[in-house]
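Q: Could you take a close look at a single part of this model, and then follow its contacts outward? I would like a connected account rather than a list.

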Amino acid sequence: MSKLFSKLGMGEKTARNFITILLIAAGGAIIYGLPYFRYDYYDAYLEVYHLTNTQMGSLGSIFGVFGMISYLFGGVVADFISPKKLISISLILTGVAGFCHLFATNYSMLLVIYLVWGFTALFAFWPALVKGIRSLASSEEQGKAYGFMEAGRGVTNAAHLAIALAIITAITSKRGSDAGRKGGIIFYSVVVIVLGILVLLFFK
């Protein structure tokens, strides 16, 4: 493994933290699987929750407002709380809200869940991710670390979309569309919680 890192031109610090960088990169991709689930399965989402297009837009708006706030204040929060704690807590709480999503029965409950996701996936998570990646590489390898992170996010995006689609298709064919939707939500919820725990264990 050290020879591979050497061929990639990694310094000692980046190589030592490479697994952690990949874990954070995976989290940086899959944490958005739950908030954007409604886009990938738009029509089914409308039908299950009896929503209008306006209400669907409102769910995206409340999530986006926290995105805007995160650019203003998220970095300040990341300066006071360690990236390790923020990243782990954000991933775990996003997954917990995902399980709560299984029991949501009306628009008001969905609004609360998307508010939580706006806080965990945008306000708290992204600034901590940026600071965390920066701390895992030497000053001479910041660009390289962010490059590995973005590559990891790209690979994870392709993988989780394919896996989620396979799970939803398989369950839907046997138990119907509502069961398929729940299967997709459970998949994303479990994975982000596991990633949160792994970050807590590996992020030194």
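A: Helices here are DSSP runs of H or I with at least four residues, and they are numbered from the N terminus. By that definition, Thr156 lies in helix H9, which spans residues 142-175, and this residue is a convenient place to begin. The model is a predicted one, and the description that follows should be read in that light.

Thr156 has a relative accessible area of 17%, which is under the 20% limit, and therefore this residue counts as buried. Its side chain reaches back to the backbone oxygen of Gly152, at a distance of 2.7 Å. Once neighbours within four places in sequence are set aside, the residues in contact with Thr156 are Ala26, Ala29 and Ile30. These three belong to the stretch of helix H3, which runs over residues 18-30.

Helix H3 also holds Thr20, another threonine whose side chain can be followed. With a relative accessible area of 4%, Thr20 is buried. Here the side chain reaches the backbone oxygen of Phe202, at 3.3 Å. Phe202 is the last residue of helix H10, which covers residues 177-202. Leaving out sequence neighbours up to four places away, Thr20 is in contact with Phe202, and also with Leu136 and Phe203.

Returning to helix H9, its packing against helix H8 (residues 107-135) can be described next. Two packed helices are described by the angle between their axes and the distance between the axes. For H8 and H9 the angle is about 130 degrees and the axes are 9 Å apart. Since an angle of that size falls outside the ranges for roughly parallel, roughly perpendicular and roughly antiparallel pairs, H8 is oblique to H9. On the H8 side the residues that meet H9 are Trp126, Leu129, Val130, Ile133 and Arg134, while H9 contributes Gln142, Ala145, Tyr146, Met149 and Arg153. Sorted by class, this contact comprises seven nonpolar residues, one polar residue and two charged residues.

Also in the stretch of H9 is Lys144, whose side chain meets that of Glu141 in a salt bridge, with N and O 3.7 Å apart. The two partners differ in accessibility: Lys144 is partly exposed at 31%, whereas Glu141, at 8%, counts as buried.

That salt bridge is one of five found in a search of the whole structure, and others among them lie in helix H10. There, Arg181 forms a salt bridge with Asp178, the closest N and O atoms being 2.6 Å apart. Because Arg181 and Asp178 are three residues apart in H10, about one helical turn separates them. Asp178 also meets Lys182 through their side chains, in a salt bridge with an N to O distance of 3.7 Å; being four residues apart in H10, Asp178 and Lys182 are likewise separated by about one helical turn. Asp178, Arg181 and Lys182 are thus linked in a network of salt bridges. Within this network, Arg181 is buried, with a relative accessible area of 8%, while Asp178 is partly exposed at 32% and Lys182 is partly exposed at 33%.

Arg181 also leads to Phe37, which is found in helix H4 (residues 37-40). Apart from residues up to four places away in sequence, Phe37 touches Arg181 together with Tyr45, Ile168, Gly184, Ile185 and Tyr188. One of these residues, Ile168, falls within the span of H9, where this account began. The contact with Ile185 joins positions that are 148 residues apart in sequence, although their C-alpha atoms are 8.0 Å apart in space. Phe37 itself has a relative accessible area of 2% and is buried.

A contrasting position, away from these buried residues, is His50, located in the loop between helix H5 (42-49) and helix H6 (53-80). Its relative accessible area is 67%, and it is therefore exposed. In its backbone, His50 has a positive phi of about 55 degrees although it is not a glycine.

Definitions and conventions: Residues numbered from 1 in each chain as written. Predicted model: local features only at pLDDT ≥ 70, side-chain atom pairs only at ≥ 80, totals over all residues. Heavy atoms only, no water. Axes fitted to C-alpha atoms, helices over the stretch in contact; angles between N-to-C directions. Helix = DSSP H or I, 4+ residues; strand = E, 2+ residues; numbered from the N terminus. Parallel < 35°, antiparallel > 145°, perpendicular 65-115°, else oblique. Contact = heavy atoms within 4.5 Å. Nonpolar A, V, L, I, M, F, W, Y, C, P; charged D, E, K, R; others polar. Buried < 20%, exposed > 50% of the residue type's maximum accessible area, 1.4 Å probe, protein only. Polar contact = N/O pair within 3.5 Å; in protein donor to acceptor, adjacent residues only side chain to side chain. Salt bridge = Lys/Arg side-chain N within 4 Å of Asp/Glu carboxyl O.
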